[in-house]
Amino acid sequence: MTNIPSDLAVQIPRKFLEITTTIKEVLKEFNNKKWKPEQVLYLSVDVLQGFTCSRVQTITQTKIKGLIKACRPRLSRPKVVLSETQLTCMYNFIRKESTFDFENYHSDMLLYFNYETINKTLCKAYFTQVGAADLSVFSSTLSGRRDILLNDAIDCLGINRTSINKQDLTVLGNLACAVSSDVIRNSDPEILENLKNCKDLSDSQISAMQDLLVKGTSKYGPTSKWNQKTLDDLGILPLYFSESFWRSFTEVHYIDCTTGNITSLTISDDAFPFGYDEVQFGHCLSSTVVKDNLASLCEKIEDSAFQRIILDKLKEILPNGLSDDQVQVLKSVSRNATMAEISKWNITKPDTLAVLMNANDGEWSSAQSELIITKYLNGSNSLTGAELNLVKGPNLCSLNAIILFLFIILKNRESDALDVSKCSSEKKKALFTIANKAFPMSLARSQRTILSAFQLIETYLGQNGLQMSFQAY
């Protein structure tokens, strides 16, 4: 090839133009030879990457433009990598032409087009091709064009500047590498595919990308379900993950049980759970062991973080909820349950209500106690005097349905005084009204009868509760 005279190069059949050498001196000779436009289309990537303005000065405008078009992307070969000086040189040769066939030009060269000269009806086609460009090609002098192009694309596509939908992301392509962290967080998760092509991301963009992954709404799902294939599918993105992100990820996926698997024998040891930290406790405890040893496990575990792990393991193996017998052995572990978990518990037996209302295991939030008592009542149960003694006044204060039940219940004179001092004024007034209806104090009655009625009400509300209820009333 090097020995063929330049004038004879035009006679070389196209099938022999696959030039694979990377020797610069040889490539320079190839660039200086005379080629026909149809030959240029078959020149190798190495030859095309040698394009410079000085080397094409002796070539006709037609051939130069043919050479420029020959650099366009093709599925059958690697991308022709060109520097900014080469790209701007190419742009200067064709910038005065009315270019409509954007797909016939190198996508990186299109970065230098003036948006104002492009017909608005063609801008989407233009940015579709620009979306495949490498934004890192910009020198420090022209780096500002990245933001200019993004703003022009937003204008062209009518994007609202706060989020980007999946359809527009397909057009934007690599221009998504220039969007702000807030836009990343609010956009369709498909933006992660765009970010895979970014050669550089800011700290704020990385943080937003991680937040989007943690949401679990992308096709990669929640990070707790990731495996090696997921990391492979994420492409370059894991290289951007922060140290804290990797730490939380490896705690879930790659830390093995080193302290020792927890078994029935382990749990029976008097020293258990000494020696286990939160991470090891989670990795060494299986959901099956939790289910089979629930009572003894809940008896020993007092740390709230460990208790939360127990509940998570139960949710894994019993996704539809717990039976009455299982709920009864939870003890203080139950106080770490979410409303969603409690809603799946069976609370149909008085014994279940009794253990849940045991104050020694901790307090319930108002919403939790209301849900527990309501579930008990929904199980064809009622609050008799015995149940009232279990529930106590503070937990009754949480009930929205209190007025519906107590009118009948208070007539059952088996319960002890109820401490309603923590109830709201509205609830105290309602309780007093119900108690008064259960034990009416008519002015027509004798003083002795009225005193007796007061004593009966006091039996249910307590002296402080009675006084506060009178004040509220």
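Me: In this predicted model, are α6 and α7 oblique or parallel to each other?
Reply: Helix α6 covers residues 123–130 and helix α7 covers residues 145–157. They pack at an angle of about 140°, with their axes 10 Å apart. Angles over 145 degrees would count as roughly antiparallel. The two helices, α6 and α7, are therefore oblique.

Me: Is the crossing of α6 and α7 left-handed or right-handed?
Reply: The handedness describes how α6 and α7 cross. For this pair, the crossing is left-handed.

Me: How do the residues of the contact of α6 with α7 divide into nonpolar, polar and charged?
Reply: From α6, the contact is made by C123, K124, Y126 and F127. From α7, it is made by L149, D152, A153, C156 and L157. These residues divide into 7 nonpolar, no polar and 2 charged.

Me: Which helix gives the most to the largest nonpolar core?
Reply: The largest nonpolar core holds 69 residues. Those touching the most other members are M109, L111, F113, Y126, F127, M209 and W226. Another core, of 34 residues, lies apart from it and includes V290, L297, C298 and A337. In the largest core, the greatest contribution is 6 residues, given by α7.

Me: Does S218 count as buried or exposed?
Reply: S218 is found in the loop between α11 (203–215) and α12 (228–233). Not counting residues up to four places away in sequence, S218 touches P189, L192 and L213. Buried means under 20% relative accessible area. Because its relative accessibility is 8%, S218 counts as buried.

Note on methods: Residues are numbered from 1 along each chain as its sequence is written. This is a predicted model: local features need pLDDT of at least 70, side-chain atom pairs count only at pLDDT 80 or more; totals for chains, interfaces and linings use all residues. Side-chain values use heavy atoms; hydrogens and water are left out. Axes are lines fitted to C-alpha atoms, for helices over the stretch in contact, and angles run from 0 to 180 degrees between N-to-C directions. Helices (H or I, at least four residues) and strands (E, at least two) are DSSP runs, numbered from the N terminus. Angles under 35 degrees count as roughly parallel, over 145 as roughly antiparallel, 65 to 115 as roughly perpendicular and the rest as oblique. A crossing is left-handed if the near helix is turned anticlockwise from the far one by less than a right angle, and right-handed if clockwise. Contact means heavy atoms within 4.5 Å. Ala, Val, Leu, Ile, Met, Phe, Trp, Tyr, Cys and Pro count as nonpolar, Asp, Glu, Lys and Arg as charged, and the others, Gly among them, as polar. A nonpolar core is a set of buried Ala, Val, Leu, Ile, Met, Phe, Trp, Tyr and Cys residues joined through side-chain atoms within 4.5 Å. Buried means under 20% relative accessible area, exposed over 50%, partly exposed in between (1.4 Å probe, protein chains only).
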